[in-house]
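Thank you all for coming. I would like to take you through one protein model, and I ask you to keep the picture in view while I speak.

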Amino acid sequence: MTVDTPAVVLGAGANGLGVARSLARARIRVCLLDIDARRAEMRTRAAKPLQIRATHGETLVEDLVRLGTTQFSGVRPVLFLTQEESVRTVSHHRDRLSALYRFSLPPMGVVDTLQHKEGFQRRAEQLGSPIPPLVHIRALADLPALGELRYPVVVKPGERDAAYARQFKKAYRAGSAEEAAALLRRILLVMADVVVQEWIEGPDSNIYFCLQYVDRDGQTAGSFAGRKIRSWPPQVGGTASCTAAPEVHAELSALTTRFFQAAGVVGMASMEYKHDTRSGEFRMVEPTIGRTDYQEEVATLNGVNLPYVAWCSELGLPLPSPAATKRPVVWRVRSEDVQSAAAQGQCITQGYPPGGQVADAVCRWRDPMPCLVQGLWHVRRMLLSRTSKRMPGSPVAGSES
């Protein structure tokens, strides 16, 4: 074990790129693994790109074993996961992989329970955590349970599912039992695992999160509280922009730590909350278990480098202290933040903290290649789209199809 031990980040995208950059800040050697070597994020100067064949399943395990015995022979790098499916795979093959990589995961049963929305719901209820009521819909016969809820509600899959993602949005807001039932009849044809939960009133800026790293002994080694500024799509989508929320750090860190310790969570984890405008209380929305959060880098940008905390903890090294930042930093996915602001009639800086800096998820002056490659791919798609419209046989504007 040496301080030269590298880190392996599995999965590029905004998440993996942010983790790689966070580790590079601490001068950690990083390898970034993804199935698509052409991804813009794979061109970062913060990491060495390595192509793999899959990010989950037996093929992933085979690739990790191959890399562990060749590329990282005798080193045991620290492994960072960025995708839910990867967590499930590594969790179920932990005995085989732990000889080659350093990582901390909750017991397999805890991972399986908390990765499913209904499983998390029941565990949160058992622990008396602040969470809105939910019903689990598996078949048409379960639809009468919709009458138990107060409306509006949010309808979403019980867990990530490729067939669902191809046909439906991440989540839907339904204003009545009838509207929810009509939507569920369509979804159940594709996926027999849906949850319907009472809606927590408030704008996207009422959504908060607490990012943590919990060591093997169940102690919180690092914690950061942040808040969303906008989501895309608004109200039901993922993070478009976010920043630090020091005003609620103590409260959310305590709530999150209490739940994780009682539930047996270790490793990278986070909890999303929403501040209910009706009750004035924070309600739990969902956890992220065993992996980094989509906006993990916002913590690093605001002085709490959680990937570095994890790396140090896995190696038994002294943990870094939070670094003071002069101004709050906004982390954003620019294209999605612009779309969200436009859809809500907002100027792009609305909701940003006064005097704050802005860090784009991809484009950085000190690491320009991901942005340049992303721009080139965008231009290429535009040109291909224009070419296809001019091809013989393409519909002419104004003509009947």
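I will begin with confidence, then turn to the two sheets, some backbone details, and finally the empty spaces.

What you see is a predicted model, in which local features need pLDDT of at least 70 and side-chain atom pairs count only at pLDDT 80 or more, while totals for chains, interfaces and linings use all residues. Residues are numbered from 1 along each chain as its sequence is written, and side-chain values use heavy atoms, with hydrogens and water left out.

The pLDDT, which is the predictor's confidence in each residue on a scale from 0 to 100, averages 93 over the protein, and 95% of the residues score at least 70. Over residues 394–401, however, the pLDDT is below 50, and this stretch has two contacts in the model beyond near neighbours in sequence, where contact means heavy atoms within 4.5 Å.

Let me turn to the sheets. The helices (H or I, at least four residues) and strands (E, at least two) that I name are DSSP runs, numbered from the N terminus, and two strands are said to pair if DSSP finds at least two bridges between them. Angles run from 0 to 180 degrees between N-to-C directions, and the axes are lines fitted to C-alpha atoms, for helices over the stretch in contact.

One open sheet has four strands in the order β3-β2-β1-β4, with parallel pairing. In this sheet β3 (48–51) and β4 stand at the edges with a single partner strand each, so one side of each is left without a neighbour in the sheet. Neighbouring strands here are turned by 25° against each other on average, direction ignored. Strand β1, residues 7–10, runs parallel to β2 and is joined to it by four bridges, with Val-9 opposite Leu-32 in β2. Helix α1 packs on this sheet, where it touches β1, β2 and β4, and its direction makes about 165° with that of β1. Helix α11 packs on the sheet as well, touching β1 and β4, at about 140° to the direction of β4.

The other open sheet I want to show has seven strands, in the order β13-β12-β9-β10-β11-β14-β15, and its pairing is mixed. Its edge strands are β13 and β15, each of which pairs on one side only. Between β14 (residues 329–332) and β15, which run parallel, there are four bridges, and Trp-331 has Ala-359 of β15 as its bridge partner. Helix α6, residues 117–126, packs on the sheet by touching β12 and β13, and its direction makes about 125° with that of β13. Helix α12, residues 334–343, also packs on it, touching β10, β11, β14 and β15, at about 50° to the direction of β10.

Some backbone details are worth locating on the picture. The peptide bond from Tyr-151 to Pro-152 is cis, with omega near 10°, and Pro-152 is found in the loop between β5 and β6. A cis peptide bond also joins Trp-232 and Pro-233, with omega about -10°, and Pro-233 lies in the loop between β10 and β11. Arg-27, although not a glycine, has a positive phi of about 65°, and Arg-27 sits in the loop between α1 and β2.

Where, then, is there empty space? On a 1 Å grid over the protein atoms alone, a cavity is a set of points where a 1.4 Å probe fits but cannot get out, a pocket is an open set with protein on both sides within 12 Å along at least five of seven lines, and lining residues have an atom within 4 Å of a point. Grid points are joined across faces, edges and corners, and a volume is the space filled by probe spheres set on the points.

A search of the whole structure finds two cavities of 30 Å³ or more. The largest cavity holds about 110 Å³ of space, and of the 15 residues that line it, Leu-79, Phe-80, Phe-103, Ser-104 and Met-268 are the closest to its centre. Strand β4 gives the most to this lining, with four residues. The second largest cavity has a volume of about 30 Å³, and β13 supplies the largest share of its lining, three residues.

Finally, the second largest pocket contains about 610 Å³ of space. It is lined by 19 residues, and Arg-25, Glu-297, Leu-301, Arg-364 and Arg-366 lie nearest its centre.
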